[in-house]
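Me: I'd like a close look at one part of this protein: the nonpolar core and whatever packs around it. Walk me through it in one go, please.

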Amino acid sequence: MREFGFFKGLPHEDCEENLEDYKKFKNSIPKEKVIAYIESDNVEKCLGFMPFSCDIFTGEEMPCGLFIDGDFMFTWEFLHYYKNYDIGIPYDYEEYLKGKIDY
């Protein structure tokens with residue numbers, strides 16, 4: 001399983017990724033399309049063992065959990081950061097999505 005979005009400071013095990021590294025991803029699929037797909041019933045949503053997490057920068061509470069999509073697993077928090085900050089999705093996930101959504 002390919003994991004991503006496990007940023008340092010999140011309450012998941014093995015959170016060692018740097019959010020800053022995701023600013024380097026420049027994707028061809030529009031963010032709105034990716035967000036709509038992730039929020040659809042096509043992606044499995046699993047609530048975490050903790051009731052909430054917090055935004056690393058603002059302290060805003062948000063859900064804690066995981067999304068599972070095919071061979072990909074990423075945090076609920078990733079979607080929050082993707083919506084609210086200038087970051088992209090990993091290129092291998094983007095390639096996967098190209099076969100799933102019209103863009």
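Reply: Let's start in the middle. This is a predicted model, and its largest nonpolar core has 26 residues, of which Ile-38, Phe-78, Tyr-93 and Leu-97 touch the most other members. Helix 1 (31–39), strand 6 (72–75), helix 2 (76–84) and helix 3 (91–98) each put at least two residues into this core. As a general backdrop, nonpolar side chains tend to be buried together in soluble globular proteins.

Tyr-93 is a good place to zoom in. Leaving aside residues up to four places away in sequence, Tyr-93 touches Phe-4, Tyr-37, Ile-38, Asp-69, Phe-72 and Phe-74. Its own element, helix 3, has Tyr-93, Glu-94 and Leu-97 buried. Those three are on the same side of helix 3, because they cover an arc of only 100° around the axis. The buried residues of helix 3 pack against strand 1, helix 1, strand 5 (65–69) and strand 6.

Now helix 2. Its buried residues are Glu-77, Phe-78, Leu-79, His-80, Tyr-81 and Tyr-82. They pack against a longer list of elements: strand 1, helix 1, strand 3 (53–54), strand 4 (61–62), strand 5 and strand 6.

Next comes the sheet. It is an open one of four strands, in the order 1-6-5-2, with mixed pairing. Strand 1 and strand 2 (44–47) sit at the edges with a single partner strand each, so one side of each has no neighbour in the sheet. From one strand to the next, the twist averages 20°. Helix 3 packs on this sheet, touching strand 1, strand 5 and strand 6, and its direction makes about 120° with that of strand 6.

Going through the pairings, strand 1 and strand 6 run parallel, with three bridges, and Glu-3 stands opposite Met-73 in strand 6. Strand 5 and strand 6 are antiparallel over four bridges. Here Met-73 turns up again, as the bridge partner of Ile-68. These two strands form a hairpin with two residues between them, and Gly-70 in the turn has a positive phi of about 60°. Strand 2 and strand 5 also pair in the antiparallel sense, over four bridges, with Leu-66 in strand 5 as the bridge partner of Cys-46.

What happens on the two faces of strand 6? Both are covered: Phe-72 and Phe-74 are buried on one side, Met-73 and Thr-75 on the other. The background here is that side chains in a regular strand alternate between the two faces of the sheet. To tie this back to the start, Phe-72 and Phe-74 are both among the contacts of Tyr-93.

Thr-75 leads us to a different spot, since it is one of the residues that His-12 touches. His-12 is in the loop between strand 1 and helix 1. Is His-12 buried or exposed? With a relative accessible area of 12%, His-12 falls under the 20% cut-off, so it counts as buried. Besides Thr-75, it touches Phe-6, Cys-64, Gly-65, Leu-66 and Glu-77, again not counting residues up to four places away in sequence. Of these, Glu-77 is among the buried residues of helix 2, and Leu-66 is the partner of Cys-46 mentioned above. For a backbone distance, the C-alpha atoms of His-12 and Phe-67 are 13 Å apart, with their positions 55 residues apart along the chain.

Finally, the charged pairs. A search of the whole structure turns up five salt bridges. One of them joins Arg-2 and Asp-92, with the closest N and O atoms 2.9 Å apart. This pair links distant parts of the chain, as Arg-2 is in strand 1 (residues 2–4) and Asp-92 is in helix 3, 90 residues apart. Both ends are partly exposed: Arg-2 has 30% relative accessibility, and Asp-92 has a relative accessible area of 34%.

Another salt bridge is between Glu-39 and Lys-83, where the closest N and O atoms are 2.5 Å apart. Glu-39 lies in helix 1 and Lys-83 in helix 2, so this pair ties together parts that are 44 residues apart in sequence. Glu-39 is partly exposed at 41%, and so is Lys-83 at 42%. There is also a salt bridge between Asp-21 and Lys-24, at 3.8 Å from N to O. In that one, Asp-21 is partly exposed at 35%, whereas Lys-24 is exposed at 59%.

How values were computed
Residues numbered from 1 in each chain as written. Predicted model: local features only at pLDDT ≥ 70, side-chain atom pairs only at ≥ 80, totals over all residues. Heavy atoms only, no water. Core = buried A, V, L, I, M, F, W, Y, C linked by side-chain atoms within 4.5 Å. Buried < 20%, exposed > 50% of the residue type's maximum accessible area, 1.4 Å probe, protein only. Contact = heavy atoms within 4.5 Å. Salt bridge = Lys/Arg side-chain N within 4 Å of Asp/Glu carboxyl O. Arc of directions from axis to C-beta. Pairing = 2+ DSSP bridges. Axes fitted to C-alpha atoms, helices over the stretch in contact; angles between N-to-C directions.
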